[in-house]
Amino acid sequence: MWLFAGLGNPGAKYRMNRHNVGFMVVEAIAQKYETFAPFRSKFDGEISEGKVGRTKILLLKPQTFMNLSGQSVVKAAHFYKIAPDRIIVFHDELDLLPGEVRVKKGGGNAGHNGLKSIQESLSTPDFWRVRIGIGRPPLKGADVSNYVLGDFSAQ
């Protein structure tokens, strides 16, 4: 079994925020593969179980807010006995152009509080990350937190 954790913040206020791109990805996976059950509350998050091909996948949207995502991820991973190298975290990445994607295993958190929380909770940085580009604010010196908590543009 694999754990796919999409990072974001709970609530309608944040639904279309750049910071919630991880939630958007796991929701898209659940829609594309009809084997996934509806999301339900468990492990301080919303989960859905299903398969991609023959591989069992647990989709997770932590509901602890971004900065405490690790609490939810570690609860689900421990319950299902999923090792860190079978966890894939989908998250926003300022240092990639919008829509650009990079995959890597391990590494630092580059100031991303959701990744920092997961690293601390799992006691290792050795999980997979799918970094989804949201770009940087268009104005030099603009507040990054307002940017990531802003909604995607129509483009």
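Author: A residue counts as buried when its relative accessible area is under 20%, as exposed when it is over 50%, and as partly exposed in between, using a 1.4 Å probe and protein chains only. This is a predicted model, in which local features need pLDDT of at least 70 and side-chain atom pairs count only at pLDDT 80 or more, while totals for chains, interfaces and linings use all residues. Residues are numbered from 1 along each chain as its sequence is written, and side-chain values use heavy atoms, with hydrogens and water left out.

Reader: In which order do the seven strands form an open sheet?

Author: Strands are DSSP runs of E with at least two residues, and helices are runs of H or I with at least four, both numbered from the N terminus. Two strands pair if DSSP finds at least two bridges between them. The pairing in this sheet is mixed, and its seven strands follow the order S2-S3-S4-S1-S5-S7-S6.

Reader: Which are the edge strands?

Author: An edge strand here is one that pairs on one side only. Strand S6 covers residues 101–105, and the edge strands are S2 and S6.

Reader: What does the twist average from one strand to the next?

Author: Axes are lines fitted to C-alpha atoms (for helices over the stretch in contact), and angles run from 0 to 180 degrees between N-to-C directions. From one strand to the next, the twist has an average of 30°.

Reader: How many bridges join strand S2 to strand S3?

Author: Strands of a sheet pair through backbone hydrogen bonds, either parallel or antiparallel. S2 (residues 40–42) and S3 (residues 45–52) run antiparallel. Arg40 stands opposite Ile47 in S3, while Lys42 has Gly45 as its bridge partner there. The bridges that join these strands number three.

Reader: Which residue in the turn of the hairpin formed by S3 and S4 has a positive phi?

Author: S3 and strand S4 (residues 55–62) run antiparallel and are joined by eight bridges, with Ile47 standing opposite Leu60 in S4. The hairpin of S3 and S4 has two residues between the strands. In its turn, a positive phi of about 65° belongs to Gly53.

Reader: Do S1 and S5 run parallel or antiparallel?

Author: Strand S1 (residues 2–6) is joined to S5 by four bridges, and Gly6 stands opposite Phe90 in S5. The direction in which S1 and S5 run is parallel.

Reader: Which residue in S7 is the bridge partner of Asp92?

Author: Six bridges join S5 to strand S7 (residues 128–133), and these strands run parallel. S5 is mostly covered, since seven of its seven residues are buried. In S7, the bridge partner of Asp92 is Ile132.

Reader: With which residue does Glu27 form a salt bridge?

Author: A salt bridge is a side-chain nitrogen of Lys or Arg within 4 Å of a carboxyl oxygen of Asp or Glu, and a search of the whole structure finds eight of them. The partner of Glu27, which lies in helix H1 (residues 21–32), sits in strand S4, 34 residues apart from it. Both residues of this pair are buried, and their closest N and O atoms are 2.8 Å apart. The partner of Glu27 is Lys61.

Reader: Why does the pair of Asp44 and Lys75 tie together parts that are apart in sequence, and how many residues apart are they?

Author: The closest N and O atoms of the salt bridge between Asp44 and Lys75 are 2.4 Å apart. Asp44 lies in the loop between S2 and S3 and Lys75 in helix H2 (residues 69–80), so the pair ties together parts whose separation in sequence is 31 residues.

Reader: Is Lys75 buried or partly exposed?

Author: Asp44 has a relative accessible area of 35% and is partly exposed. Lys75 has a relative accessible area of 40%, so it counts as partly exposed.

Reader: Which residues are linked with Arg15 in a network of salt bridges?

Author: The side chains of Lys61 and Glu46 meet in a salt bridge at 3.2 Å, N to O. Lys61 lies in S4 and Glu46 in S3, so this pair ties together parts that are 15 residues apart in sequence. Lys61 is buried at 7% relative accessibility, whereas Glu46 is partly exposed at 25%. The residues linked with Arg15 in the network are Glu27, Glu46 and Lys61.
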